[in-house]
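Ready for a few exercises on a structure you haven't met before? Have a look at the sequence and the model first, then work through the steps.

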Amino acid sequence: MLNISTITPKHKIEALAIGCFDGLHLGHLELIKHLGENSALLMIDKFKSKKLCSNKQKQELSKKELIELDFKNIKDLDGKDFFDELKKELPNLKHIVVGYDFSFGKDRKYKAEDIENISGLKTTIVPKFKIGSKAVHTTLIKDFLSRGELKKANEFLGRVYCIEGILVKGQGLGSKELFATLNLECKEHFLPKNGVYATFCEIRGKVYKSVSFIGVRFSDKNFAIETHILEDFKLEPELGEPLKLSFIKFLRENQNFSELSLLKAQISKDIKQALKILDKDKK
């Protein structure tokens with residue numbers, strides 16, 4: 001048994017798009033276009049790796065209910081058995097949407113072209129989605145992010161890349177000696193290349209221009225994600241509050257400084273550069 005859990009009454013779900021949906025990029029959105037009402041996304045997470053967006057973001061972007069299946073629970077099922085179980089769980093299921101490279105069943109025995117024949121369900125197979133000569137894939141987007149190539153990553157995502165997390169306690173050095181920062185703990189998302197970025201920071205529903213740092217801090221050699229708000233900021237946020245960072249442009253590599261005054265001078269330059277970029281890219 002698959003033991004699917006849904007918010008929507010199961011008998012109302014008539015169509016499913018099936019895939020990993022680990023990034024919800026433009027390729028995934030092409031699948032979703034083929035879904036009408038009374039539909040959902042069936043997510044099968046095979047890799048358990050850091051994601052390009054949270055389930056909350058996926059739901060907001062897709063405007064569909066998300067149904068999760070653990071790959072471990074289905075990997076030994078024959079392909080026909082999988083769809084038989086799926087039809088038992090969702091008795092009015094009529095339509096399946098998958099990508100061209102979808103495979104299923106034990107040892108990936110079956111391909112997308114086999115679904116309709118073994119399940120009797122109408123199947124839409126969405127062809128490879130390209131930008132220029134490159135197919136849109138999560139691995140490619142992660143590669144762009146790992147090189148700090150935000151423009152390309154955002155183009156293939158179809159949105160500005162962002163991470164979400166909670167506020168954690170920092171050193172306290174910034175507010176005393178440098179510039180006050182908010183410190184973010186982010187366990188779920190794939191992080192872009194270490195460095196300094198022009199960003200937008202969202203907290204308590206309001207978006208602020210910011211400059212952010214990812215990497216090992218010069219002062220204490222600990223890894224950190226820090227953001228300095230570049231606008232009037234009168235909030236006194238509490239530890240554990242949610243925070244979102246949207247990455248607009250990579251500014252520079254991390255550097256080592258012999259003294260704090262040199263670091264402060266560099267951050268001042270980063271702030272000026274970030275403001276010029278963000279003024280042109282206001283949300």
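**Exercise 1.** What covers the buried residues of helix 2?

Solution. Keep in mind that this is a predicted model.
- Start by picking out the residues: in helix 2 (residues 55-62), the buried ones are Gln57, Lys58 and Ser62.
- Next, look down the helix axis: these buried residues fall within an arc of 115°, so they line one face of the helix.
- Now see what lies over them: the cover includes helix 1 (26-32), strand 2 (39-45), strand 3 (65-70) and strand 10.
- Finally, step just past the end: lysine 63 follows helix 2 and has a positive phi, near 60°.

**Exercise 2.** Find the strands that pair with strand 15, including strand 10 and strand 12.

Solution.
- Strand 15 covers residues 242-252, and 8 of its 11 residues are buried.
- Strand 10 (residues 162-168) pairs with strand 15 in the antiparallel sense, over 5 bridges. Here glutamate 164 sits opposite lysine 244 of strand 15.
- Strand 12 (residues 195-203) also runs antiparallel to strand 15, with 7 bridges. In this pairing, tyrosine 197 has phenylalanine 250 of strand 15 as its bridge partner.

**Exercise 3.** Does glutamate 226 count as buried or exposed?

Solution.
- Locate glutamate 226 in strand 14 (residues 223-229).
- Its relative accessibility is 15%, and the cut-off for buried is under 20%, so glutamate 226 counts as buried.
- Check its side chain: a polar contact of 3.0 Å joins it to the side chain of arginine 217.
- Leaving out residues up to four places away in sequence, glutamate 226 touches several others, among them Thr181, Leu182 and Phe213.

Key:
Residues numbered from 1 in each chain as written. Predicted model: local features only at pLDDT ≥ 70, side-chain atom pairs only at ≥ 80, totals over all residues. Heavy atoms only, no water. Buried < 20%, exposed > 50% of the residue type's maximum accessible area, 1.4 Å probe, protein only. Helix = DSSP H or I, 4+ residues; strand = E, 2+ residues; numbered from the N terminus. Pairing = 2+ DSSP bridges. Polar contact = N/O pair within 3.5 Å; in protein donor to acceptor, adjacent residues only side chain to side chain. Contact = heavy atoms within 4.5 Å. Arc of directions from axis to C-beta.
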